[in-house]
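Colleague: Could you take me through the ligand site and the hollows in this one? I'd like to hear what stands behind each label.

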Amino acid sequence: MSIKTPARLGAVAVVASLTIAACGSGDGDAGSGGGASKTLRLALNQTEQHPSYIALKNFGTRLKASTGGRLDIQVYPNETLGAQQEALQLVSDGSVDLAIVSGTQLENLNKDFSVFNLPLVFDSVETQMKVVNDPKTVGELYASLEGSNKITVVGGFTQGTRNVYSKKGPVNTPADLAGQKIRVQESELHTSMIEAMGASATPMAFGEVYTALQSGVLDGAENNEVSYVTQKHFEVAKFYSRTKHLVGLDYLIVNSELLKGFSAEDKAAFDKEWAATYAEHTDLWGKETDKSVAAAEAAGAKVNDVDEAAFRAVLEPLADKFLTSDVQRKLYETAQAASS
Ligand code: GCU
């Protein structure tokens, strides 16, 4: 995962030139109320068609209006600034201001984040959004990386329901995944999850999955319908099976030092516009999921329902194995209690 592909080398070059450009632009005075302006650089691994890109771009437009031009956001899509592991590091060291990263990346820094990465922890996108954007529940968790990594978690974007897809054929039960190499995110929990589901897990960065499916390094992967279509994975793995093993979660993260430098007025505008952003994203999510299913099917993908009870039976024991502290058990219980 630290292999320097040409795309990654390109990302390093982009960050280097951004850093040089930022040095002469008066960046750093932003939010002081003195009228200086700052464009926040946001790293994203999705395409421009993805709801996250659309909602974040609108976030920038609204933030600029509400701060009288003092803060703006430039979204860099398609892993231009690096895959999520690199983006996380760049936000931590301050070369990039903001990023969207999957919960699996934060689990690698603080195991308490793994609670919300558990299969079956949320029964719906609505429950998930209620829990992960409630400061009473997540306040301490979201501040937990400030000392160690200079990262503050701002809030969550849903990844919707994740399902398995394969080149080999439709999946109905865990037995159908036997011997299949299925890509997972870089997470110990998700490695155990896909193994419990019967497959062999291959952790890999998002942007490498298409080629790995095409070349046969992978037999399949697991993701939501929107990523299945925007990443064009349906072209190379046409059986999409609704295992519904997980409602996935992304986070907006920001460099903590940068955030501390915002004036009270700009911080209030940032928080207000972020609340409007995740609401817009959640709304877009449902619509784009339906459109993605239709687009995949029109292109020849085969979508099928599975024996959900058989998958639940192998997934349920993971909570006991991965919840190892009272803090984690409390977060888990809060998520379960919020279920409709
Ligand atoms: C989703 C999610 C991304 C994540 C990706 C993955 O698309 O929104 O943040 O990186 O899944 O499977 O890696």
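Colleague: What makes the shell around the ligand divide into nonpolar, polar and charged residues?

Modeller: It goes by residue type: Ala, Val, Leu, Ile, Met, Phe, Trp, Tyr, Cys and Pro count as nonpolar, Asp, Glu, Lys and Arg as charged, and the others, Gly among them, as polar. The shell then comes out as one nonpolar, eight polar and three charged residues. Bear in mind that this is a predicted model, where local features need pLDDT of at least 70 and side-chain atom pairs pLDDT 80 or more, while totals for chains, interfaces and linings use all residues. Residue numbers start from 1 along each chain as its sequence is written, and side-chain values use heavy atoms, with hydrogens and water left out.

Colleague: Which residues surround the ligand?

Modeller: N45, Q46, Q84, S102, Q159, R162, R183, Q185, F206, N223, S227 and D250. To be near the ligand, a residue needs a heavy atom within 4 Å of it.

Colleague: Why is the pair between R183 and the ligand called a polar contact?

Modeller: Because a polar contact is a pair of N or O atoms within 3.5 Å, and a polar side-chain atom of R183 lies 2.6 Å from an oxygen atom of the ligand. N45 passes too, with a polar side-chain atom 2.9 Å from a ligand oxygen. For N223, a side-chain N or O atom is 3.0 Å from an oxygen atom of the ligand. Taken alone the ligand exposes 310 Å², and the protein buries 98% of that; the areas come from the Shrake-Rupley method with a 1.4 Å probe.

Colleague: What makes the space taken by the ligand a cavity?

Modeller: On a 1 Å grid over the protein atoms alone, a cavity is a set of points where a 1.4 Å probe fits but cannot get out. A molecule sits in one if more than half of its atoms lie within 2 Å of its grid points. The ligand's space is the largest cavity.

Colleague: How many cavities are there, and what volume does the largest one have?

Modeller: There are two cavities of 30 Å³ or more, and the largest has about 210 Å³. Its lining has 22 residues, with N45, Q84, S102, Q185 and F206 closest to the centre; a lining residue has an atom within 4 Å of a point. By class, that lining has four nonpolar, 13 polar and five charged residues. The second largest cavity comes to about 40 Å³. Among the residues lining this second cavity are S102, Q159, R162 and Q185. Three of its lining residues come from β8, the largest share.

Colleague: Why is the 350 Å³ space called a pocket?

Modeller: Because a pocket is an open set with protein on both sides within 12 Å along at least five of seven lines. The largest pocket has a volume of about 350 Å³. Of its 22 lining residues, L120, V121, F122, K244 and R312 lie nearest its centre. The lining divides into twelve nonpolar, five polar and five charged residues, and β8 gives the largest share, five residues.

Colleague: What is the phi of L120 and of K244?

Modeller: Positive in L120, about 65 degrees, although L120 is not a glycine. K244, also not a glycine, has a positive phi near 50 degrees. L120 lies in the loop between α4 and α5, whereas K244 is in strand β8. Those elements are DSSP runs: helices are H or I with at least four residues, strands E with at least two, numbered from the N terminus.

Definitions and conventions. Polar contact = N/O pair within 3.5 Å; in protein donor to acceptor, adjacent residues only side chain to side chain. Points joined across faces, edges and corners; volume = space filled by probe spheres on them.
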